[in-house]
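Please open the model in your viewer and keep the selection tool at hand. The tour below goes from one selection to the next and says what is found at each stop.

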Amino acid sequence: MITPQETPPARNLLVRTSIMPLWPSLCTGVRTWSRAAHVRGHCSAWRLATATATPRLYSTNTTSGHSASSHAEDKNVHRGGFGKAAVVIAVSVASGSLGFFLSEQNAKRNSSQSVPDSPKFGSPSDFKNAIDELHASLTPDAVSTDPEDLRHHGFSDNDYHPTMLHSVVVYPQSTEDVVKIVKIATKYRMPVIPYSGATSLEGHFRGHSVGGICVDVGRMDKVLEIHEEDSDLVCQPGAQWMDINEMLKKKGIPLFFPIDPGPGATVGGMLSTGCSGTNAVRYGTAKGEWFLNATVVLPSGEVIKTRSRSRKSAAGFDITKLFIGAEGTLGIVTELTIRLAPVLQTSVAVVQFPDVKSATAAATEVINQGLGIQCVELLDATSMRATNNYGMSIRKWPERDSLFFKFQGPSQASLKDTAKAVEKVVAKHSGTGFSFARNEKEAEDLWMDRKNIYWSALSLIEGSRGMATDVCVPVSKLPELVYETKKDLENVGILSSIVGHVGDGNFHALLLFTNDDELKIAQKAAARIVHRAIAMDGTCTGEHGVGIGKKKYLVEELGQGTVDLMKTVKRAIDPLGLFNPGKLYPESNLSGAKHHPDTNQK
């Protein structure tokens, strides 16, 4: 298996490609020299070497019989052509050296070039002219420089990343509006930052230090078409997933969109971050086939549609997925076709375990049996204590590591059958207190305890705030990761609740703090969680995305070659570096070291 370290660097490929056109002259010079030195017809080794690099650059006939032109050439060599041959080879070598030098310089420039790390933005006067032109091009209420608007769009209570305000906020209502905005931004070299549900935890919609245009697609929230018979619908990016599902329910359409991140998330932001939620164990993530196509305004102002509405396609690259997880750095999505799933009956059960390892083993066996499981969530003992402390639950829970199951099936009978099968499995892994909802209302109340965990955790320390992070590892590694993380947090005096989508190895930690010193400790602890996860063949983010907060880990996780390829795509589509600058792509000087000896240090 080729490791990232063994893979030939891209620049060597560039060097070889740049020198290839010079091989014929180089070979001609060497061939002439070799004949002058009476090596007639015996250059098979050299020819083999050159043929390996560039097949059939010249005739490789090595028989003793030569053509008339060949004999004539040999006579010229014997009559003093040796000097001419020396000139030919000298020129050939010089040209080859020059080509090598130029390609090396070009490779060095390319290898050090980032997205670019420091794009050339316009001046303050350019930005003022851009804002004036935006006012002239859009409706009066579509452009705002109100200080409260700028603060609202550049700041978030959800995270603790540096706050930068935008220069202006615009509210497009159509693809045509977005095209106008992008062309003005390009004209005046102004950063463009997309904004939708504002539920981001990693600073995705933060402003740039020089200012910029915040494109709030919140008014583009319409469902344009519903194709019940095809199980899909077409909508704008500002439509919220919960609103879509509620609308379908009111219309009596037995379908729903199963990707379920936090409340308030919009489908445009969900596509851009490649998000998921509690349903991932059954329905996967946004990187599955839930987004069939997207209409995108590119940095050039060109509008593309990534593919047709058919359920599947083998026509070329899957361009839709190019924009899933790109976090608004490659274009602004203005329309999407999303796939829907049939609504099935559900119910909920809760069970306690002596430790996370037992709970994970039980969840894995349940899933591998192919039972009707829609969700399986791990809440650690601290989370269960928090649920009791918060006081919103219908019952008092044992404060132990617990699993919350959501079953699904075509009938109540199928749900009961699933519950019986799950109860048998969890008993094998020391699961106790199996509680199965007796009706739909009780099921909703039990699941609400899972949904309320953020506010429940904050109740543990009066006046505390929470810093959330998420990582994901292979499911078999989850118990070890949770154990090491809890031990680390205890050592540094940070209280944290841990909630895991145990069916896919994804867990969230909410680190509680009350002052800036504790925040710094929490941030360092969060970094160690990430390093620990990556060392276990995991990822720095299972759901939240990269944004500002996680980009420094990408080289460590993906390798320099993969990150460079991402940057190459970025440069090709956004050569000016205007779209959401400072997000997703790590700066060039970040270390990609795989080994982190400090994963358990304060």
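**First stop: a buried glutamate**

Select Glu442, which is buried, with a relative accessible area of 7%; buried here means under 20% relative accessible area, exposed over 50%, and partly exposed in between, with a 1.4 Å probe and protein chains only. This is a predicted model, in which local features need pLDDT of at least 70 and side-chain atom pairs count only at pLDDT 80 or more, while totals for chains, interfaces and linings use all residues. Residues are numbered from 1 along each chain as its sequence is written, and side-chain values use heavy atoms, with hydrogens and water left out.

Now add Arg395, whose side chain meets that of Glu442 in a salt bridge of 2.7 Å, N to O; the term stands for a side-chain nitrogen of Lys or Arg within 4 Å of a carboxyl oxygen of Asp or Glu. Because Glu442 lies in helix 15 (residues 440-451) and Arg395 in the loop between helix 13 and strand 14, the pair ties together parts that are 47 residues apart in sequence. Helices (H or I, at least four residues) and strands (E, at least two) are DSSP runs, numbered from the N terminus. Arg395 is partly exposed, with a relative accessible area of 27%.

**Along the loop to a surface patch**

Stay in the loop between helix 13 (381-390) and strand 14 (402-409), and select Met392, which is exposed at a relative accessible area of 56%. Adding Tyr390, Tyr454 and Trp455 to Met392 shows a nonpolar surface patch of about 440 Å². Such patches are made of residues with over 30% relative accessible area and no salt bridge, like charges being joined within 9 Å and nonpolar side chains (Val, Leu, Ile, Met, Phe, Trp, Tyr) within 5 Å; the areas come from the Shrake-Rupley method with a 1.4 Å probe, and for residues only the protein chains shown count as cover.

**Two more salt bridges**

Which residue forms a salt bridge with Lys550? Select Asp470: the closest N and O atoms of the two are 3.9 Å apart. The pair links distant parts of the chain, with Lys550 in the loop between helix 18 and helix 19 (554-558) and Asp470 in strand 16 (residues 465-472), 80 residues apart. Both Lys550 and Asp470 are buried, and with Glu202 they are linked in a network of salt bridges.

For the next pair, select Asp141 and Arg219, which form a salt bridge with their closest N and O atoms 3.6 Å apart. Asp141 is partly exposed at a relative accessible area of 46%, and Arg219 also counts as partly exposed, at 29%.

**Into the core**

Select Phe257, Val267, Phe291, Leu403 and Phe405, the residues with the most contacts inside the largest nonpolar core, which has 81 residues. A nonpolar core is a set of buried Ala, Val, Leu, Ile, Met, Phe, Trp, Tyr and Cys residues joined through side-chain atoms within 4.5 Å. The largest share of this core, seven residues, comes from helix 18 (residues 516-535). Apart from it lies another core, of 27 residues, among them Phe121, Ala185, Tyr188 and Val192.

**Zooming out**

Finally, show the whole protein, which has 20 helices and 18 strands and holds 22 salt bridges. Buried residues make up 50% of its 602 residues.
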